[in-house]
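Q: Please give a close look at one part of this model, namely the pairing of strands. I am new to the structure and should be glad of some context on the whole chain as well.

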Amino acid sequence: MGQIRYSIPEEMAKGSIVGNIANDLGIELKRLVSGRARVFTSDDSEYVGLDREKGQLIVKQRMDREQLCGEISACSISFEVVLENPMELYSINIDIQDVNDNSPVFPNNEIDQEISESALPGARFSLVGAIDPDVGTNSLQKYVLHPTDNFQLNVQSSFDGSKNVDMVLKTPLDREQKEHHYLTLTAIDGGSPQRSGTVKIHISVLDANDNAPVFSQVTYKASVLENSAIATLVTTVTATDADEGSYANIQYYFEHASASVKALFAIDSETGQIKVTGPLDYEKYKQFKIKVIAKDGGLKDSCEVIIDVTDVNDNAPKLTVMSFSSALPENAALGTVVAMINVQDLDSGDNGKVTCSIDRNSPFKIVPSLASYYNLVTDSALDREQISEYNITVAAVDGGNPSLSSSKTLMLKISDINDNAPQFELETYDAYVLENNSPSLSIFSVKAKDDDWGPNARISYFIDDGTLNGVSLASFISINTDTGVIYAMKPFDYEQMKSLKIRIKAQDGGTPPLSTNATLNIFVQDQNDNTPQILYPVQTSGSVVAEMVPRSADIGYLVTKVVAVDGDSGQNAWLSYKLHKPADRPLFEVGSQNGEIRTVRQVTDKDAVKQKLTVVVEDNGQPSRSATVNVNVAVADSFPEILSEFTDFTHDKDYNNSLTFYLVLALIVVSLLFIFSVIAIISVKIYRWRQRKLYYKSANNLPVIPYYPTMCSDGTMQHVYNYEVCGTMDSRMSDVKPRPYSQSTLVSLSRPGTVQRQKLDAELSLEVRMRENTQV
């Protein structure tokens, strides 16, 4: 900020150069262009313009000093040059030098003057002076009267520099000799070249009126408030006349009053009272000078009335926003200029002293700059998320009593910066999805919010890269980047995967972007999608397995145990066992929880040797799933008895009648081979048994109930079995079948042509059973 003053003559042509502010103020031309330099005037006048490209002030409008300043000799105009980005202000003053462009001008082309012939030499007659708007040496300097036979001029300068012209009678007039006199009065200024103006004076000689009116004062001074009402008395002028009769009848009037005087004041011709006739405005006219004439018919006198207009506080301050940034980033530094304001008050003194202020609770303050200029600056940190818009009211109050004020409201928007990361509603989410879901199923939705605005608050959702058992998480789930809806990419299988933990990222659209993470736990819920699996007894199409029950078996005798498992969990894996279509007097029952088949009564002769039980294994799902298994039971006390009935067991499949013979023959051959094998094995085992006689004695005391593996945690049996190995000469025909330990279980026959063998750990059990059968 700075100031500079120039001096130019008035009446310069449009486009003339006033000065180069770029050089005089040390401003680079490119700064004038980038800062959009412009001229600002408080009264909106445009006498001077700015050429930003050249840095020159040029005349935009012809300046007439007389029009601008009137009678004031020191004439100047002032304005400011404003630059933006950043804001700068320079004050410019231009002094307007007067040139001699006006000639002295008389108000009238001719002056009519009546003079009594009785006027004595030395009598003074006031003349209307010429007016020259120029000032200094260019103003009116002297008067010349021609001819000067009877009159001469007397010019006197008043205290304000104006000249009063009186015509003085040199020699007495004689109306009888010459009734009319014609003179020429010339006014000459001091310019170069000189200018002049003339007026004709016509003098009519009247009959004797020896005494002229005389004012009590040469100059009257008065003051009046600018808001005075119409008809307010300002002052009263008085004059006296020593004559009598009509020559003493005095009339008062304004002589050559200006239009403004005629519009605002009037004088009573009889009393000499001067009153207000129009609205006074101190800001327009601060003082009036009025010439008053007192005339008694032929003679007259003059005086000057000076009326000072007193200022009252009738103008409110005027606020002009020179520059304003309607949007401000929320990270603006302290002291950032938001607006530059010009304040004007046309009143004077304390009435024109203005104080500016804003609301104290806002994060802004107003500080003075140059005279009559204020800057609105930031005073504390801004946060758009708390307040996004401010209505800043700038109030200007003058020092009058009572004071007047005005205000202007500035609407300032706080622009957003990306200073807030997205925030999820929760840090951890739990989602539950049933297995076997359809692909692209919407399983969950997450939502984050961002306190920022616009692109900075536009949130996108992503799944962080990760793997599960070496497989990318993207193969299991996907997320809609716009809505946060999470979809399953494929069906889940509870039996393979019970839960899935992923990390979701919410990222805004700021530069640079900000993000935050949340954890999503996906729990796969089990469905009853697995049918119970029968582990024992093993059902094959090529062999028949029978369980032997002696006819002497007691009630509750354990025949065998049906072992099943279910791949589901929870109640979907809770298995129950029941017999399918039990007989009227059933011999057996199955434990609903453990699958154990036991006798429910004593065996009678009516009971068939061959018993076929169908056990239904059912889970507890909704709806439930089930599986069936056939258990063949032989009710007999000896092995041959079993063989006699064993051939009657039928297979589930129908065979061709042509194969019946071969099947029967194969059965007989296999039976014989089995008997010989059993005899050979018994012989070898007896030998070993004798060596371990003590052990066999202990074995006689072993309980009948077989050993079962402990229950699994989910209610099903562990897979702990012994194995039945059926081997042939051709390894492709071999068969391995798991079975639980049971002393009553007898493997009867395998496929035709096979020889039944057992593992070494089953041999002892077989010997014990054979020994028991022999004892029976």
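A: The account below begins with the whole chain and then turns to the strands and the cysteines.

The structure is a predicted model, in which local features need pLDDT of at least 70 and side-chain atom pairs count only at pLDDT 80 or more, while totals for chains, interfaces and linings use all residues. Residues are numbered from 1 along each chain as its sequence is written, and side-chain values use heavy atoms, with hydrogens and water left out.

The mean pLDDT of the chain (the predictor's confidence in each residue, from 0 to 100) is 82, and 85% of the residues reach 70 or more. Over residues 695-776, however, pLDDT stays under 50, although the model has 150 contacts there beyond four places in sequence; a contact means heavy atoms within 4.5 Å. Residues 648-656 also stay under 50, with 12 such contacts. Where pLDDT is low, the predicted coordinates should not be read in detail.

The secondary structure comprises 8 helices and 55 strands. Both are DSSP runs numbered from the N terminus: helices are H or I of at least four residues, and strands are E of at least two. Of the 776 residues, 42% count as buried, that is, under 20% relative accessible area, with exposed over 50% and partly exposed in between (1.4 Å probe, protein chains only).

Strands of a sheet pair through backbone hydrogen bonds, either parallel or antiparallel. Here, two strands pair if DSSP finds at least two bridges between them. One open sheet has 4 strands in the order 25-31-30-27, with mixed pairing. Strand 25 (327-329) and strand 27 (354-357) stand at its edges with a single partner strand each, so one side of each has no neighbour in the sheet. Strand 25 runs parallel to strand 31 (residues 405-415), to which 3 bridges join it. Within this pair, leucine 328 has isoleucine 414 as its bridge partner. At 10% relative accessibility, cysteine 356 counts as buried.

Strand 41 (residues 499-507) has two contrasting faces: Leu500, Ile502, Ile504 and Ala506 lie on the covered one, whereas Ser499, Lys501, Arg503, Lys505 and Gln507 lie on the uncovered one. Strand 36 (residues 460-463) runs antiparallel to strand 41 and is joined to it by 4 bridges. Across this pairing, serine 460 stands opposite glutamine 507. Strand 42 (residues 515-525) also runs antiparallel to strand 41, over 9 bridges, with alanine 518 opposite isoleucine 504.

A further antiparallel pair consists of strand 47 and strand 50 (residues 610-618), with 4 bridges. Tyrosine 577 has valine 617 of strand 50 as its bridge partner. In strand 47 (residues 576-579), Tyr577 and Leu579 form the covered face, while Ser576 and Lys578 form the uncovered one.

Finally, the cysteines. The structure holds 1 disulfide, a pair of cysteine sulfur atoms within 2.5 Å. Cysteine 69 and cysteine 75 form this bond, with their sulfur atoms 1.8 Å apart. The torsion about their S-S bond is about 65 degrees, so the disulfide is right-handed. Both cysteine 69 and cysteine 75 are buried. Cysteine 303 likewise counts as buried, at 4% relative accessibility.
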